[in-house]
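Please look through the sequence and the structure shown here before reading on. The report below takes up a small sheet, then the cysteines, and then a stretch annotated in a database record.

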Amino acid sequence: MRSWSSPPVPVLPGRGPELRLYDTADRQIRPVTAGRTANMYVCGITPYDATHLGHAATYLAFDLIHRLWLDLGHDVHYVQNVTDVDDPLFERADRDGVDWRELGDREVELFRADMTALRVLPPREYVGATEAIAEIVEFIEKMVASGAAYVVEGEYPDVYYRADATLQFGYESGYDRDTMLQLFAQRGGDPQRAGKTDELDALLWRANRAGEPSWPSPFGPGRPGWHVECAAIALSRVRSELDIQGGGSDLIFPHHEFTAAHAECVTGARRFARFYVHAGMIGWDGHKMSKSRGNLVLVSTLRAQGVDPAAVRLGLLAGHYRADRSWSQQLLDDAHIRLHRWRSATALPTGPDAADVLARVRQYLADDLDTPKAIAALDGWSTDALEYGGHDEAAPKLVATAVDALLGVSV
């Protein structure tokens with residue numbers, strides 16, 4: 001699947017501190033000691049609707065990681081999937097009277113346009129689930145052969161993964177069984193499916209139902225489950241230790257827990273990823289932004305209204321990436337004001353020395369992506385430049401370059 005175009009990323013002088021991130025599994029901030037090539041897999045969209053600000057906030061968080069790795073001199077192998085075969089896509093296509101492939105293609109193209117506008121660096125490999133059916137089937141075959149998966153007998157011989165197939169199952173989320181069952185039922189699981197050996201067993205292969213697309217497999221025609229899609233794509237594309245598996249915090253369980261378990265079951269590794277990194281949820285009117293609530297603020301709508309995407313980006317970066325936070329018109333207005341001040345300050349012929357502010361921005365971002373502190377440091381420099389001036393001719397350009405390279409904001 002075609003990714004989107006990459007904005008140029010300028011190179012800054014010097015080098016910042018090593019990146020430290022909060023790992024969901026360990027429940028603490030730890031140094032990210034990636035090798036020369038840093039690997040990251042981030043779960044992509046199910047393309048049945050347009051990109052809302054919750055999506056944007058998640059991909060901006062991992063864009064910061066991408067940019068910080070580049071600033072540290074790493075080659076970045078970033079993989080992202082597209083779940084272009086799933087129930088929500090079929091339901092929306094049926095509701096609108098369009099082919100599910102057409103709907104998926106249209107929404108993926110809109111997502112590309114939104115990511116381009118927000119200056120999100122594209123993944124090296126952008127992979128649709130429908131492009132990876134063969135490797136997913138092979139992956140499931142290995143689990144069935146090892147006894148980690150089984151076929152439910154009956155009219156629909158679906159294939160399920162045994163939740164107890166790995167001893168470490170549950171380490172990523174840290175949730176107890178009652179919480180797991182509750183979230184499993186809310187987030188695409190089927191705990192009441194007759195014939196399963198455990199309510200938590202997760203679907204690997206859905207046997208063909210009338211009116212649904214299907215592909216051949218040794219288990220019969222059907223289509224893949226959600227979690228196994230990401231495990232198979234990540235392992236087949238990265239082919240080495242995964243530094244980061246990422247996504248929104250609503251993916252902690254069941255999606256990331258099962259993705260990790262599937263991969264660990266097949267490879268025998270203790271951990272699928274060295275870090276599990278999750279972005280907080282974006283709310284509107286006191287609730288999480290979601291299609292079911294109908295309270296979405298769409299990136300494409302804001303763009304159509306003439307809103308500067310740089311202001312949208314700055315508004316989302318004003319809060320810490322792990323925090324659940326709300327979007328508001330005031331937040332956007334503040335971002336526009338900030339953007340104007342930064343652009344005015346960096347357009348000056350001279351300004352205050354910028355070496356210190358560059359060092360502090362790098363330090364704050366390296367400390368678990370602390371964008372509020374990084375933004376405050378840049379606000380301080382901009383205020384000094386606009387109100388008191390300075391004599392360093394190189395300073396305005398250096399600050400503009402830092403804002404571009406590290407925060408992805410063009411000033």
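## A small sheet

In this predicted model, strand β12, which covers residues 282–284, pairs with β13 in the antiparallel sense, and two bridges join them. Within this pairing, Gly 283 is the residue that stands opposite Lys 288 of β13. Strands of a sheet pair through backbone hydrogen bonds, and the pairing can be either parallel or antiparallel. Here β12 belongs to an open sheet of three strands, in which the order is β13-β12-β14 and the pairing is mixed. The edge strands of this sheet are β13 (287–288) and β14 (325–326), each of which pairs on one side only.

## The cysteines

How many disulfides does the structure hold? The structure holds zero disulfides, and the table gives, for two of its cysteines, the nearest cysteine sulfur and how far away that sulfur lies.

| Cysteine | Nearest cysteine sulfur | Distance |
|---|---|---|
| Cys 230 | that of Cys 43 | 3.8 Å |
| Cys 265 | that of Cys 230 | 17 Å |

A disulfide is counted when two cysteine sulfur atoms lie within 2.5 Å, and neither distance in the table meets this cut-off: Cys 230 is in no disulfide, and Cys 265 is in no disulfide either. Is Cys 230 buried or exposed? Cys 230 counts as buried because its relative accessibility is 0%.

## An annotated stretch

An unreviewed UniProt entry lists residues 45–55 as a short sequence motif, under the name 'HIGH' region. In the model, the end C-alpha atoms of residues 45–55 lie 8 Å apart, and this span is 27% helix and 0% strand.

Notes
Residues numbered from 1 in each chain as written. Predicted model: local features only at pLDDT ≥ 70, side-chain atom pairs only at ≥ 80, totals over all residues. Heavy atoms only, no water. UniProt positions renumbered as here; feature names shortened; annotations may be inferred. Helix = DSSP H or I, 4+ residues; strand = E, 2+ residues; numbered from the N terminus. Buried < 20%, exposed > 50% of the residue type's maximum accessible area, 1.4 Å probe, protein only. Pairing = 2+ DSSP bridges.
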